[in-house]
Amino acid sequence: MSARGTALITGASTGIGLELARRFAASGYPLVIVSRDRERLAKVAGELHVEYGAPVRHFATDLSQPRAAQGLWDEISSAGITIETLVNNAGVGVYGTFQDQSLDALQGMQMLNMLALTTLTRLALPGMLARRRGRILNVASVVGYQPGGPRMAVYYATKAYVLSFSKALAVELEGTGVSVTTLSPGVTRSSFEDRSGANGTRLYRLMPQMSARSVAAAAYRTMERGGGVVIPGFFAKILAVAGELPPRSVALAVNRWLLRRPEGEQ
């Protein structure tokens, strides 16, 4: 038996989530990994087990659906699995002018980025507090420090929520044995820009991109130390600081420019 408690990682089949799963498995954690892509998830679970020898359970769940997070937790609990580390990594973005964005897509994004994260944190916390040990890693974004992102207004707002919620909860839990770490990455090489529709914008053309592996490594190190906020990379730190400097209207204007494609492109 591993001395490590089981880690639950959402959005674990690609990108930062996959690299976090690899990092946890290599460190001896039994894993519960979650994604909506059943086939991809099963493949990742098998690869992690073969490569690292870690026990890996997988649950294919679309956390953007109402009550999906509660259903996932009930399923995990029914299987007799105790979660000592929770990684709320799953998230999605939607790009475009607000009035043209799909209402279903907007609601699903809010459900996934905010409600599922909040629900799983609330469900995991009582057990952690009773055991007086536990770790929570919430994946926000450097955009959470920004005043807003025209053409990605709702996405930026969801990440501001994650950042605010996580920082407040970390203070609330001081002295309990449970830590809350917030990961706020900048632009990261992944499929996010394609899935969100933001590919081709100046943000992704001009900003240096970190690898998902480097971002995951920084997050894991900070979480293991019980740290609060981690912003990997020099340029991400600059964006975080610049986003909070007055007047914030300047950052809004810059973001409007960055989140547009060059003239002549749709």
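## The internal cavity

A search of the whole structure, which is a predicted model, finds one cavity of 30 Å³ or more. The volume of this largest cavity is about 50 Å³, and its lining is made up of T10, L63, N88, N89, A90, L112, A116, L117 and L120.

Sorted by class, the lining consists of six nonpolar and three polar residues, with no charged residues. Helix α4, which covers residues 103-131, supplies the largest share of this lining, namely four residues.

## T10, a lining residue in strand β1

One of the residues that line the largest cavity is T10, whose place is in strand β1. T10 has a relative accessible area of 2% and is therefore buried, since the cut-off for that class is under 20%.

Leaving aside residues up to four places away in sequence, T10 touches V34, L63, V87, N88, N89, A90 and L120. Among these contacts of T10 is L63, and although T10 and L63 are 53 residues apart in sequence, their C-alpha atoms are 8.8 Å apart in space. L63 also appears in the cavity lining. The side chain of T10 further reaches the backbone nitrogen of N89 at 3.0 Å, and N89 is likewise listed among the residues that line the cavity.

## S13, in the loop after β1

S13 is found in the loop between strand β1 (6-10) and helix α1 (15-26). Is S13 buried or exposed? Its relative accessibility is 6%, so S13 counts as buried.

The side chain of S13 makes a polar contact with the side chain of S35, at 3.0 Å. When residues up to four places away in sequence are not counted, S13 touches L18, S35, R40, L41 and V44, so that S35 is both a polar partner of S13 and a member of its wider set of contacts.

## Helix α5

Helix α5 runs over residues 153-172, and the distance between its end C-alpha atoms can be set against the expected span. At 1.5 Å a residue, the 20 residues of this helix should span 28 Å, and because the end C-alpha atoms are 29 Å apart, the model agrees with that expectation.

Within α5, the buried residues are V154, Y155, Y156, T158, K159, V162, L163, S166 and L169. This list includes K159 as well as nonpolar residues such as V154, V162, L163 and L169.

Definitions and conventions. Residues are numbered from 1 along each chain as its sequence is written. This is a predicted model: local features need pLDDT of at least 70, side-chain atom pairs count only at pLDDT 80 or more; totals for chains, interfaces and linings use all residues. Side-chain values use heavy atoms; hydrogens and water are left out. On a 1 Å grid over the protein atoms alone, a cavity is a set of points where a 1.4 Å probe fits but cannot get out, and a pocket is an open set with protein on both sides within 12 Å along at least five of seven lines; lining residues have an atom within 4 Å of a point. Grid points are joined across faces, edges and corners, and a volume is the space filled by probe spheres set on the points. Helices (H or I, at least four residues) and strands (E, at least two) are DSSP runs, numbered from the N terminus. The expected span of a helix is 1.5 Å times one less than its number of residues. Buried means under 20% relative accessible area, exposed over 50%, partly exposed in between (1.4 Å probe, protein chains only). A polar contact is a pair of N or O atoms within 3.5 Å; within protein, one must be able to donate a hydrogen and the other to accept it, and residues adjacent in sequence count only if both atoms are side-chain atoms. Contact means heavy atoms within 4.5 Å.
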